[in-house]
Each structure stands twice: as C-alpha cells, then as structure tokens.
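User: Please examine the structure shown below and answer a series of questions on its strands, cores and confidence.

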Amino acid sequence: RRSSDLTPPLFADDAPGFIQSTIEGFQQSDFEFQRSISNVPFPPIAFVSGSSYSEVEFETPEGTKGQYDLDRVSAMGAVPFLLGKRDALFAGAYLSRSDFSVSGTEQDDFEVNSVGIPFGWIRQQNPDWQYAAFVMPMGHDSNQPGSDWSWQFMGGAFARYVQTDNLWWAFGLYADIQENDEFYIPYVGASWSINERWTLSAVMPWPAVIYSPSPNWMFRLGAAPSGASWSIEEEGGDTAVNLDSWDFGLSAQYRIYSNLWIGARAGIGGLRGLRLEDDSIEEPDLDLDSNAFFGLELNFRPAVQL
C-alpha cells in the first residue's frame, strides 16, 4: 500500500499540530509502505525501557574470574522531517543508564551513563526501491575514578527492495567505530508477510517470528542485540558498549491507547562479557553460558505500517 492510501485513524483531529501535519505530509508523499495487509505495527519511533540481566561470569586478562549483573534503563525518540515528496530526515536523542554489580574481583560496582544523537535520511527512489543512511555518535561516562567521556560512532547505509506485496529485501553496510576497535559488516535481510497475522522477519540483527492476532496485539519470538556487553579500560576507566551480545526470547506488546504500546520480554542472554583492556590486550573474553533477562517497555508506534 502507498502511504497516501493509509488513513491513520488513531490520530484524532485535535492531535498536536506538528504530528498531524507530519502524518498528512507522508500521506501526500511518494513514500511506499508495505503493500500487504498485516497486523504488525510500525516500529517504534520513541520508547522508554528497563531491562535486568542476571549474573554472568567473566575473566580478567590476569586470569581472575568474577561475576556481574546488569540493570539498564534507556529512552529514545526520533522526529521525521519531510523534504519534498521523496526524501525525509530523522533526528533524535538516546539516553541510557547502566548499573553494574560486580563480585569476585577487585573491580567495584560502577555506573555508565550514555547519550547518543541519531541522524538519518531516507529516499523513495521509485515504488520498489528505498535508500537510507544513518549515523549515531555516542558518548559514555562512568563513575569510575579517572574515567573520562569515551566516544563511539555507529552508522550504515542501506537499500530496501520490495519484490512482491508480501516480500521485501534489505542490503547495506554497517559500521561501529570506537577508539581502539573498528567493526564493519555487510548487511542483508528480508521480511515475509505470510498473512495478516504471521510475519517471518530475517532483518538482521533482529531475526524473529512475529504473530499479531489483531491490530492491538503483537508477539515476537527471536533474537536482538542486548547492549549488555561492554569494554572497560582498566587504567582510565573509559567504557564502550559492544554489540556482540544477544538476547533470545519472547516478547508481548499490547496497544494501551492510540499509538502507545506497553510490552514485556523475557528470555536468555548469551555471549555476554566484559572486555578488560590495557595497552596490549584488546580481545574480549566472553562467557558462553546462558543467563536470564527480563524487560519492560513503553513504545510510541505511528499508525502506519511499513
């Protein structure tokens, strides 16, 4: 379906002027959205979430083993700005607080505050192709002695091709650049709407089977990066998040009012660890045992399907 064919009934006539004008702008644009009839809602453009990860083991470069558990609260919001009928920009902000409880080593408990500023661009080249790119500089600051702000840059460029009304593909390149580490990976993914209730998503790094029995409910079984694996510089205390940890589990979300959804998720977190670095040691030592996680979230999802 074209965006001009979608009527967002969940936005009242007295909705805030900016939101209403943005919705009307997308309705009149050339942007193509998913053509199949699906109950799966649009991805959130704003959220508040809290997660708790149970204890997991790690090993220091000196061979000392310890344990840590992690509680994290995060929030993000993004705002779209139309540039004509085929181009749009997105800008937003991300905030997070991670509390680490460490035992078994000389490392004390510590906290990390993170802030990110995501920017994005999307273009509707023609009815079948979309192009997009984003960059998000992030800063991390811990309360460890001698710690200073550490910086991290994430970004990527992607293309989306709609093959049929029920199937689309995505291609691209993703990069994660830190002071002592750079990570680049090619990207490929797909999404198949089997029917209005079932969707098989191979969109990395969020592969999942999604079941939406109605427009007000969504259940998701799959994996996602957890952000629960970190690098810590032993001398300076500088920190950076590693996207080499994964959560696998089940989530349930329910539309509580208009475009607001509440959700809960639980499952197993694997490949977590702390990377303890000095001048000569950069490789992580990850514990491969599974551990439990639980999370709650509140999402804002526009009444448009993608």
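User: How many bridges join strand E2 to strand E3?

Analyst: In this predicted model, strand E2 covers residues 65-83 and strand E3 covers residues 87-103. The two strands run antiparallel. One pairing between them matches Ala75 with Leu95 of E3. The number of bridges joining E2 to E3 is 17.

User: Which residue takes a positive phi in the hairpin of E2 and E3?

Analyst: The hairpin of E2 and E3 has three residues between the strands. A positive phi near 80° is found there, and the residue that takes it is Gly84.

User: Which strands each supply at least two residues of the largest nonpolar core?

Analyst: The largest nonpolar core has nine residues in all: Tyr53, Val56, Tyr68, Leu70, Phe100, Val102, Phe110, Val112 and Phe293. Strand E1 spans 46-59 and strand E4 spans 110-116. At least two core residues come from each of E1, E2, E3 and E4.

User: How many residues make up the other core, the one with Phe47 and Met154?

Analyst: This core lies apart from the largest one. Among its members are Phe47, Tyr94, Met138 and Met154. The core's residues number six.

User: Is Phe119 buried, partly exposed or exposed?

Analyst: Phe119 lies in strand E5, residues 119-124. Beyond four places in sequence, Phe119 is in contact with Phe90, Ala91, Ala133, Phe134 and Val135. Because the relative accessibility of Phe119 is 43%, and buried requires under 20% while exposed requires over 50%, Phe119 counts as partly exposed.

User: What is the distance in space between Phe119 and Ala91, C-alpha to C-alpha?

Analyst: Ala91 is one of the residues in contact with Phe119. In sequence the two are 28 residues apart. Their C-alpha to C-alpha distance is 4.6 Å.

User: Which strand has the lowest confidence in the protein chain?

Analyst: The protein chain has a mean pLDDT of 79, and 74% of its residues reach 70 or more. Confidence is highest in strand E11, residues 208-214, at 96. Over residues 273-288, by contrast, pLDDT stays under 50. Confidence is lowest, at a mean of 44, in residues 274-277, which form strand E17.

User: How many contacts beyond four places in sequence does the model have for residues 1-15?

Analyst: Over residues 1-15, pLDDT stays under 50. Where pLDDT is low, the predicted coordinates should not be read in detail. With that reservation, the contact count in the model for residues 1-15 is 38.

Notes. Residues numbered from 1 in each chain as written. Predicted model: local features only at pLDDT ≥ 70, side-chain atom pairs only at ≥ 80, totals over all residues. Heavy atoms only, no water. Pairing = 2+ DSSP bridges. Helix = DSSP H or I, 4+ residues; strand = E, 2+ residues; numbered from the N terminus. Core = buried A, V, L, I, M, F, W, Y, C linked by side-chain atoms within 4.5 Å. Buried < 20%, exposed > 50% of the residue type's maximum accessible area, 1.4 Å probe, protein only. pLDDT = per-residue confidence, 0-100. Contact = heavy atoms within 4.5 Å.
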